[in-house]
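This report describes one helix and a few single residues in a protein chain. Please look at the sequence and the structure first.

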Amino acid sequence: MSSTKDYLPNSDALYDRVIAALETVRPYLQVDGGDCQIVGITKDMTVDVKLLGACGSCPMSTLTLRAGVEQAIKKAVPEIVRVESV
């Protein structure tokens with residue numbers, strides 16, 4: 001069984017919009033020694049992100065993901081229905 005997800009191509013216009021939204025929250029993550037990067041956008045409009053640095057091991061990372069990263073992305077890109085950490 002393959003665990004490879006079927007992501008939209010990197011050239012899809014949604015990527016630029018999601019990346020722009022991520023850029024608005026990244027400074028707050030970086031202040032605490034963390035960061036995040038986009039892994040891909042699935043065809044069901046889920047954005048997979050990887051939490052890096054301090055964010056990867058922080059016990060509050062789920063709250064950061066939902067209240068910070070996901071809300072910023074969904075506000076800027078209403079087509080996105082969910083953000084998941086991978």
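The buried residues of helix α1 are covered by elements that include β1 (34–41), β2, α2 (54–57) and α3. Buried means under 20% relative accessible area, exposed over 50%, and partly exposed in between (1.4 Å probe, protein chains only). Helices (H or I, at least four residues) and strands (E, at least two) are DSSP runs, numbered from the N terminus. Contact, on which covering rests, means heavy atoms within 4.5 Å.

This is a predicted model, in which local features need pLDDT of at least 70, side-chain atom pairs count only at pLDDT 80 or more, and totals for chains, interfaces and linings use all residues. Residues are numbered from 1 along each chain as its sequence is written, and side-chain values use heavy atoms, with hydrogens and water left out.

**Helix α1**

Helix α1 covers residues 13–31, which is 19 residues. From first to last C-alpha, α1 reaches 29 Å, close to the 27 Å expected at 1.5 Å a residue; the expected span is 1.5 Å times one less than the number of residues. At the start of α1, a side-chain oxygen of D12 comes to within 2.9 Å of the backbone nitrogen of L14. The buried residues of α1 include L14, V18, L22 and V25. An α-helix has 3.6 residues a turn, so residues three or four places apart point the same way. At V25, α1 bends by about 40°, the bend being the angle between axes fitted to the seven residues ending there and the seven starting there. A proline, P27, follows within four residues. After α1 comes G33, with a positive phi near 85°.

**Three residues outside α1**

| Residue | Element | Relative accessible area |
|---|---|---|
| V49 | strand β2 (residues 46–53) | 0%, buried |
| T46 | strand β2 | 3%, buried |
| Q71 | helix α3 (residues 61–76) | 43%, partly exposed |

Leaving aside neighbours within four places in sequence, V49 is in contact with Q37, I38, V39, L65, V83, E84, S85 and V86. With residues up to four places away again not counted, T46 touches G40, I41, V81, R82 and E84. The side chain of T46 also makes a polar contact with the side chain of D44, at 3.2 Å. A polar contact is a pair of N or O atoms within 3.5 Å; within protein, one must be able to donate a hydrogen and the other to accept it, and residues adjacent in sequence count only if both atoms are side-chain atoms.

Q71 and V25 are 46 residues apart along the chain, and their C-alpha atoms are separated by 9.9 Å.
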